[in-house]
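Dear colleague,

Please find below the structure that I am handing over to you. My notes on what was found in it follow directly after.

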Amino acid sequence: RCADVTGVQTCALPISGILDITSNAINNSVTLANGLPISDNEGKTSTPYTFKISNVGNLKYKFDVKLLSTNSDTTTMINPDYIKIMVDNNTPVKLSSLTDGVILSNKKLSPGADLEVTIRMWLDEYTPNTEIGKTFTAKITTTGRAVYSEAVRSEERRVGKECRSRW
């Protein structure tokens with residue numbers, strides 16, 4: 001829409017899809033430290049980390065959710081082959097099996113919508129003693145883009161033409 005404000009023509013176009021991540025974890029991080037190997041049944045009932053991803057923009061957003069290691073010292077980091085992860089109520093997988101750290105793929109959020117994600121992490125029951133006492137720390141991140149529907153694009157073109165014609 002265009003408006004004439006004190007002789008200046010201004011047009012408001014959609015800004016973007018913008019995601020905000022909040023969590024119950026300190027610094028939005030996930031940490032596995034001082035853990036002992038446990039079975040998948042025990043891991044599935046462990047206390048989860050909970051993250052809320054909110055679209056605070058005004059366009060639909062399509063994105064992947066990633067779990068990216070923040071460990072700087074690989075000698076004290078748990079080998080990802082021995083870390084099990086369960087996202088929401090999905091089947092547990094080894095951390096090393098993730099592609100580029102993606103834990104959720106092709107998620108879509110409309111403006112004002114939220115997505116709650118729960119993550120449980122534990123040491124696989126077959127973890128060797130050499131991994132005991134090590135840690136793993138990661139951050140939740142997203143990669144994606146705003147989704148422009150044809151209706152939005154048409155409206156942007158119409159508004160842009162309307163504004164240009166008034167200049």
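Lys 84 aside for the moment, I begin with Lys 134, which has a relative accessible area of 22% and is therefore partly exposed. Its side chain meets that of Glu 131 in a salt bridge, with N and O 3.6 Å apart. Glu 131, by contrast, counts as buried, at 8% relative accessibility. Please bear in mind throughout that this is a predicted model.

Salt bridges

The search of the whole structure finds three salt bridges. Besides the pair just described, Lys 84 forms a salt bridge with Asp 40, where the closest N and O atoms are 2.9 Å apart. Because Lys 84 lies in strand S7 and Asp 40 in helix H1 (residues 40–44), this pair ties together parts that are 44 residues apart in sequence. Lys 84 also forms a salt bridge with Asp 124, the closest N and O atoms being 3.6 Å apart. Asp 124 belongs to the loop between S10 and strand S11 (135–147), so here the parts tied together are 40 residues apart in sequence. Asp 40, Lys 84 and Asp 124 are thus linked in a network of salt bridges. Within this network, Lys 84 counts as buried at 11% relative accessibility, and Asp 124 is buried as well. Asp 40, at 25% relative accessibility, counts as partly exposed.

Strand S7

Strand S7 (residues 83–87) deserves a description of its own. Five of its five residues are buried, so the strand is largely enclosed by the rest of the structure. In a regular strand the side chains alternate between the two faces of the sheet. Both faces of S7 are covered, with Ile 83, Ile 85 and Val 87 buried on one side and Lys 84 and Met 86 buried on the other.

S7 has antiparallel pairing with strand S10 (residues 114–123) over five bridges, and Ile 83 stands opposite Leu 123 in that strand. S7 also pairs in the antiparallel sense with strand S8 (residues 93–94), over two bridges; here Ile 85 stands opposite Val 93. S7 and S8 form a hairpin with five residues between them, and Asp 88 in the turn has a positive phi of about 50°.

Aromatic rings

The count of aromatic pairs comes to one. The ring centres of Tyr 61 and Phe 63 are 6.2 Å apart and their planes stand at 35°, so the pair is tilted. Tyr 61 and Phe 63 are both buried.

With kind regards

Conventions:
Residues are numbered from 1 along each chain as its sequence is written. This is a predicted model: local features need pLDDT of at least 70, side-chain atom pairs count only at pLDDT 80 or more; totals for chains, interfaces and linings use all residues. Side-chain values use heavy atoms; hydrogens and water are left out. Rings of Phe, Tyr and Trp (its six-membered ring) pair if their centres lie within 6.5 Å; planes under 30 degrees apart count as stacked, over 60 as edge-to-face and the rest as tilted. Buried means under 20% relative accessible area, exposed over 50%, partly exposed in between (1.4 Å probe, protein chains only). Helices (H or I, at least four residues) and strands (E, at least two) are DSSP runs, numbered from the N terminus. Two strands pair if DSSP finds at least two bridges between them. A salt bridge is a side-chain nitrogen of Lys or Arg within 4 Å of a carboxyl oxygen of Asp or Glu.
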